[in-house]
Amino acid sequence: MKTVLTTADISEGKRFQFWQDAVCDTFVELDCQARAETPFFGEITTADCDGLHFSTVRANSQIVRRTRTRIHRAREEVMLISLQVRGAGIVAQDGREARLKPGDFACYDSTRPYTLNFDESFEQLVLHMPREAMMRRIGRTELWTARRIEAASPVGSLVLPFVQRTASIVSDVAPATASRLSETCLSLVTAALGERLGEIGVGGTSARTALIFRAKAVIESNLHDHALNTEKVADLVGISPRYLQDLFHAEGTTVSDWIWKRRLEKSRRDLADPLRASDSIAQIALACGFADFGHFSRRYKEAFGASPREDRAMLKNGSSRGGSEV
């Protein structure tokens, strides 16, 4: 389902206040300031899927600020990704500025102050989601914010066209299909961020971030391997098991816990996938790296509050117990 918030039918004197409220309702609490005296126009069209929101923003020139006062009153933590469609924009956070041209994108984090600056009318496609959902992919966000990912970069060139197309159809396809498309959108974004990290050089914190990013990618690609463990991941990444554990401890988890968490999340997506409807639960568990079906069932129920069989039935009926993650 898509929602549309527009100033088109609002009286001129009330348009900007309507716009301020619309921006806050859609994203997070923000302060907006128009940059021109002409009658203001703004429109936000949003489609949702599994906690990931696709919002197309078309508006006149303005400055948008996320202040410490707004942050202190926040009820949720959000990660945002702005993809420039038309015009130009500046994303400023953590001491950096990303100047976006059409096709470029940049990330920003609602838990710290940021500014968005638009000197002219513009159009952006904004992905926004719970901060935790993005942190599972990239770790701590400070290194990634306000870095311009260029449309001309190898992976960056794929992001806007795919996300635009997904945003246009995500409300019209089956939930399982929409979920797969949303997952692909985030995978493309994180792949482009990883590519950019290699370009800015690695040292100190950057090196650690790059290594844990690689380790998580290795885990994601090898979830089917029931023998996957700390030693094997460390060998594939090219570091010692002890150093790998230190990297994950710094994020408040362990390599083993991360592997099991991602296996369980993948198994739940697969159970809801109509393309795997003919696969038995045991087949799905094995494909996700669970060699012991009894162990799989116990871990699954602990994580999602229902057995795999019960949850599969509920997921097919479009209901959920709240364990679904982006």
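**Exercise 1.** Is Thr190 buried, partly exposed or exposed, and what is its relative accessible area?

*Solution.* The structure is a predicted model, in which local features need pLDDT of at least 70, side-chain atom pairs count only at pLDDT 80 or more, and totals for chains, interfaces and linings use all residues. Residues are numbered from 1 along each chain as its sequence is written, and side-chain values use heavy atoms, with hydrogens and water left out.

Step 1. Locate the residue: Thr190 lies in helix H5 (residues 175-199). Helices (H or I, at least four residues) and strands (E, at least two) are DSSP runs, numbered from the N terminus.

Step 2. Apply the cut-offs: buried means under 20% relative accessible area, exposed over 50%, and partly exposed in between (1.4 Å probe, protein chains only). Thr190 has a relative accessible area of 9% and is therefore buried.

Step 3. List its contacts (heavy atoms within 4.5 Å). Neighbours within four places in sequence aside, Thr190 contacts Met134, Arg137, Ile138 and Phe213.

**Exercise 2.** Describe the surroundings of Arg86.

*Solution.* Step 1. Arg86 belongs to strand E6 (residues 78-86). With a relative accessible area of 38%, Arg86 is partly exposed.

Step 2. Residues up to four places away in sequence are not counted; Arg86 then touches Pro102, Ser121, Phe122 and Glu123.

Step 3. The side chain of Arg86 reaches the backbone oxygen of Phe122 at 3.3 Å.

Step 4. Lys101 is 15 residues from Arg86 in sequence, and their C-alpha atoms are 7.6 Å apart in space.

**Exercise 3.** Determine how helix H9 packs with helix H11.

*Solution.* Step 1. Two packed helices are described by the angle between their axes and the distance between the axes. Axes are lines fitted to C-alpha atoms, for helices over the stretch in contact, and angles run from 0 to 180 degrees between N-to-C directions.

Step 2. For H9 (residues 255-272) and H11 (residues 293-304), the angle is about 90° and the axes are 11 Å apart. The two helices H9 and H11 are therefore roughly perpendicular, a term for angles of 65 to 115 degrees.

Step 3. From H9, Trp260, Leu264, Glu265, Ser267, Arg268 and Leu271 meet His295, Phe296, Arg299, Tyr300, Ala303 and Phe304 of H11. This contact of H9 with H11 comprises seven nonpolar, two polar and three charged residues. Here Ala, Val, Leu, Ile, Met, Phe, Trp, Tyr, Cys and Pro count as nonpolar, Asp, Glu, Lys and Arg as charged, and the others, Gly among them, as polar.

How values were computed. A polar contact is a pair of N or O atoms within 3.5 Å; within protein, one must be able to donate a hydrogen and the other to accept it, and residues adjacent in sequence count only if both atoms are side-chain atoms. Angles under 35 degrees count as roughly parallel, over 145 as roughly antiparallel, 65 to 115 as roughly perpendicular and the rest as oblique.
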